[in-house]
Amino acid sequence: MKFTERLQLETQGITLSSAELSVYLAEEGVTDPEAEYSPSSNTDKRKIYLAALS
């Protein structure tokens, strides 16, 4: 699963374009939104949750 896909799961019900998802992820330090998301990484989880709260 990629970062953008994971963020889409977290923000279900809110329609965001790929560009918008990328901006929210970039603001949280994800330089490549198409990189693989690691569910076992606390850092990755934190980035997704913070991006979703944005």
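## Exposure and the case of E10

A residue counts as buried under 20% relative accessible area, as exposed over 50%, and as partly exposed in between. With that in hand, let us look at this predicted model, starting with E10. At 34% relative accessibility, E10 falls between the two cut-offs and therefore counts as partly exposed.

E10 belongs to helix α1. Which residues does E10 touch, once residues up to four places away in sequence are not counted? They are I48, Y49 and A52. The C-alpha atoms of E10 and I48 are separated by 7.8 Å, although the two residues are 38 residues apart along the chain.

## Overall build

Now for the wider view. The protein holds 3 helices and 0 strands, and from the N terminus on its elements run α-α-α. Its C-alpha trace spans about 25 × 20 × 20 Å along the principal axes.

How does the radius of gyration fit a compact globule? For 54 residues such a globule would come near 10 Å, and the protein has 10 Å, so the two agree. Buried residues account for 24% of the 54 residues. If we take the contacts between residues at least 6 apart in sequence, 58% of them join residues at least 24 apart.

## The nonpolar core

The largest nonpolar core is built from 8 residues: F3, L7, L21, L25, V30, Y37, I48 and A51. Helices α1 (3-10), α2 (18-27) and α3 (42-53) each supply at least two residues of this core.

Two core members are worth a visit. A51 sits in helix α3 and, with a relative accessible area of 4%, is buried because that value is under 20%. Residues up to four places away in sequence aside, A51 touches L7, Y24, L25 and E28. The C-alpha atoms of A51 and L9 are 12 Å apart, with their positions 42 residues apart along the chain. L21, for its part, is in contact with T4, L7, Q8 and L16 when neighbours within four places in sequence are left aside.

## An aromatic pair

How many aromatic pairs does the structure hold? There is 1. F3 and Y37 form this pair in an edge-to-face arrangement, with 5.8 Å centre to centre and 80° between the planes. F3 lies in helix α1 and Y37 in the loop between α2 and α3, so the pair ties together parts that are 34 residues apart in sequence. Both F3 and Y37 are buried.

## The buried side of α1

The buried residues of α1 are F3, T4, R6 and L7. Why do they share a side of the helix? They cover an arc of only 160° around the axis, which puts them on the same side of α1. There is a general pattern behind such arrangements: an α-helix has 3.6 residues a turn, so residues three or four places apart point the same way. The cover over the buried residues of α1 includes α2 and α3.

T4 deserves a closer look. This residue is found in helix α1, and its relative accessibility of 10% is under the 20% cut-off, so T4 counts as buried. Its side chain makes a polar contact with the side chain of E34, at 3.4 Å. E34 also appears among the residues in contact with T4, neighbours within four places in sequence left aside; the full set is L21, L25, P33 and E34.

## Residues with more exposure

Is A19 buried or exposed? A19 is exposed, because its relative accessible area of 53% is over 50%. This residue lies in helix α2. Between A19 and Y37, the separation is 18 residues in sequence and 18 Å in space, C-alpha to C-alpha.

E5, in helix α1, has a relative accessible area of 37% and is therefore partly exposed. The C-alpha atoms of E5 and S54 are separated by 16 Å, and the two residues are 49 residues apart along the chain.

Note on methods
Residues are numbered from 1 along each chain as its sequence is written. This is a predicted model: local features need pLDDT of at least 70, side-chain atom pairs count only at pLDDT 80 or more; totals for chains, interfaces and linings use all residues. Side-chain values use heavy atoms; hydrogens and water are left out. A nonpolar core is a set of buried Ala, Val, Leu, Ile, Met, Phe, Trp, Tyr and Cys residues joined through side-chain atoms within 4.5 Å. Buried means under 20% relative accessible area, exposed over 50%, partly exposed in between (1.4 Å probe, protein chains only). Helices (H or I, at least four residues) and strands (E, at least two) are DSSP runs, numbered from the N terminus. Contact means heavy atoms within 4.5 Å. Rings of Phe, Tyr and Trp (its six-membered ring) pair if their centres lie within 6.5 Å; planes under 30 degrees apart count as stacked, over 60 as edge-to-face and the rest as tilted. The arc is that of the directions from the helix axis to the C-beta atoms. A polar contact is a pair of N or O atoms within 3.5 Å; within protein, one must be able to donate a hydrogen and the other to accept it, and residues adjacent in sequence count only if both atoms are side-chain atoms. The radius of gyration is taken over C-alpha atoms; the globule rule is 2.2 Å times the number of residues to the power 0.38.
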